[in-house]
Amino acid sequence: MRRLRNVKIVATLGPASNDYDTIRALHEAGADVFRLNMSHGSHDEIRERHRIIRQVEKDLDSPIAILADLQGPKLRVDVFANDAEELEEGAAFRLDLDPAAGDATRVCLPHPEIFAALEPGSRLLVNDGKIRLLVQECGQDFANCTVEVGGTISNRKGVNVPDVVLPLAALSDKDRDDLEFVCQLGVDWLALSFVQRAKDVFEARSLADGRAAILSKIEKPAAVEAFEDILDASDGIMVARGDLGVELPVSAVPPIQKRLVRRCRSAAKPVIVATQMLESMIESPMPTRAEVSDVATAIYEGTDAIMLSAESAAGAYPIEAVQTMNKVAIEVEADPTYTQIIAASRTAKGTTVADGIVAAAREIAEKTDIKAICCFTQSGTTASLTARERPGVPIIAMTSQRGTARRLCLSWGCNCVMTPELQRFKGAVVNAARAARAGGFATESDQIVVTAGVPFNVPGTTNILRVAPCDERLIYSTDPE
């Protein structure tokens, strides 16, 4: 299904979008990737949503990526005798391991690993940062704090610890069970929550064992500090601005977003900008102007994908939210300023033959009357390198691997087309010309650029660039075998 824009749209599924008609309508409206949030829904519900997505994919003959978002370790206070208490600014408040119900002076925090990592001066943020506690004194089983920002604290509210790297595995027992479940289902991407360091990614990669690509969510200060190592270890990145904006000053988030997007593009790895992009559309059919500007800013920055969370999972207007994102993307990408920004942020990267081939393909396509770049790819690497170039013409990613086509649905500008395994270059050119014509990218009188590798069907061998006619008669009369 051809899109009229290059940035991809990720839509989260949930109670508002769990039937065939809605999921199909979301895809037709513009959703390229569906997110299954493992924090919500039973395995039976997740399995059914997965089945419906694959049915829509089959019915529309359109590759769709499925991203399973693992919950990650959740840190929460325990319960209060009165269910909730009011904490006053400047008051003393104690966190400890005593399982007794809490009151206005203390509560159980059943996470000894937090106490092991705390130091005097550390901050604890409760309920998305609405309550802020400053540690004055701490030990292996307690932390005596001063309330910096007061408010209502109630049962099992979440706790963030921004100032220290916690000795926590990124995968809880629930996450390991969920990971195996979704890998057996056949998801394409695994999103890891609360990543702090590269070794968190290595554990998930080992458990996935090649069955899904690994996407790291950057939502902790420690992950920002260790970003280069995390990026190297990951197949993709999500800038998860929700928790990032809790643990860091909100004013720090926009420059971090811009920096991470550029680094991901330079590394030819897809990046998603997520959280509260069209938050008001949970309840309103129209977004705010600020939300539209936020979506547009991410697109201008060159992100691969923008994501809807509650807007499509639990909101009253899931299809309208996708339509809005789609319209904003089309409008932004038609702006000459967008083209200028994307070109100005293009940096030379890599010294391999494949790097040279994709850079040359983009140069040729933009300086001559070329309608599309058709790249044959087994693992998806060549298509990702081509997407990094952000060419001014469509990218047609040709692959015989269904999993590769699905994963590339997350990469900027990639229009994924299934093709049979090919043995000869002439056959590849013919298939590329047919795909360009069938997709409406070119007519018989047009030309395309074709990139491929010889020998065929071997990952990492991109070594051929051909400017080819879309007229098959000319291909057969002029192309080498």
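**A walk from buried charges to a five-stranded sheet**

Glutamate 247 is buried, because its relative accessible area is 2%, under the 20% cut-off. That is a good place to start our tour of this predicted model, since a buried charged side chain invites a look at its partner. Which side chain does glutamate 247 meet in a salt bridge? The partner is lysine 220, with N and O 3.0 Å apart. Lysine 220 sits in the loop between β13 and α6 (221–225), while glutamate 247 belongs to helix α8 (residues 241–247), so the pair links distant parts of the chain, 27 residues apart. Lysine 220 has a relative accessibility of 6% and therefore counts as buried too.

Let's follow β13 to another ion pair. Aspartate 69 forms a salt bridge with lysine 217, and their closest N and O atoms are 3.1 Å apart. Aspartate 69 lies in strand β3 (residues 65–69) and lysine 217 in strand β13 (residues 213–218), so this salt bridge ties together parts of the chain that are 148 residues apart in sequence. Is aspartate 69 buried or exposed? At 1% relative accessibility, aspartate 69 counts as buried. Lysine 217, with a relative accessible area of 8%, is buried as well.

A further pair brings in the helix α2. Arginine 54 and aspartate 188 form a salt bridge whose closest N and O atoms are 3.0 Å apart. Here the link runs between helix α2 (residues 43–60), home of arginine 54, and the loop between α4 (173–185) and β12 (189–192), which holds aspartate 188; the two residues are 134 positions apart. Both arginine 54 and aspartate 188 are buried. In total, the model has 35 salt bridges. Some of them join up: Arg346, Arg362, Glu363, Glu366, Lys367 and Glu389 are linked in a network.

Before moving on to that part of the chain, pause at strand β4 (residues 84–87). In a regular strand, side chains alternate between the two faces of the sheet. Along β4 you can see this: Glu85 and Leu87 point to one face and are buried, whereas Ala84 and Glu86 point to the other face and are not buried. The partner of β4 is strand β10 (residues 151–154), paired in the antiparallel sense over four bridges. At alanine 84, the bridge partner in β10 is serine 154.

Now for the later part of the chain. An unreviewed UniProt entry lists residues 356–467 as "domain: Pyruvate kinase C-terminal". This stretch is 36% helix and 27% strand, and its end C-alpha atoms are 15 Å apart.

Look next at an open sheet of five strands, with the order β19-β18-β17-β20-β21 and mixed pairing. β19 (414–418) and β21 (462–469) are at the edges with a single partner strand each, so one side of each has no neighbour in the sheet. Direction ignored, neighbouring strands of this sheet are turned by 25° against each other on average. Strand β17 (residues 370–376) and strand β20 (residues 447–453) run parallel, joined by four bridges. Among these residues, isoleucine 370 has glutamine 447 as its bridge partner in β20.

Helices pack on this sheet. Helix α14 (residues 353–367) touches β17, β20 and β21, and its direction makes about 20° with that of β21. Helix α17 (residues 425–438) touches β17, β18 (395–399), β19, β20 and β21; the direction of α17 makes about 135° with that of β20.

Helix α15 (residues 381–388) is another element to find in this stretch. Seven of its eight residues are buried, so α15 is largely enclosed by the rest of the structure. The buried residues are Thr382, Ala383, Ser384, Leu385, Thr386, Ala387 and Arg388. After α15 comes arginine 390, which has a positive phi, near 45°.

Finally, the cysteines. How many disulfides does the model contain? The count is zero. For cysteine 183, the nearest cysteine sulfur belongs to cysteine 409 and is 18 Å away. Cysteine 183 is buried, with a relative accessible area of 7%. Cysteine 409 is in no disulfide either; its nearest cysteine sulfur, that of cysteine 416, is 4.5 Å away. Because a disulfide requires the sulfur atoms to be within 2.5 Å, that pair does not count as one. Cysteine 409 is also buried, with a relative accessible area of 6%.

Conventions: Residues numbered from 1 in each chain as written. Predicted model: local features only at pLDDT ≥ 70, side-chain atom pairs only at ≥ 80, totals over all residues. Heavy atoms only, no water. Salt bridge = Lys/Arg side-chain N within 4 Å of Asp/Glu carboxyl O. Buried < 20%, exposed > 50% of the residue type's maximum accessible area, 1.4 Å probe, protein only. Pairing = 2+ DSSP bridges. UniProt positions renumbered as here; feature names shortened; annotations may be inferred. Axes fitted to C-alpha atoms, helices over the stretch in contact; angles between N-to-C directions. Contact = heavy atoms within 4.5 Å.
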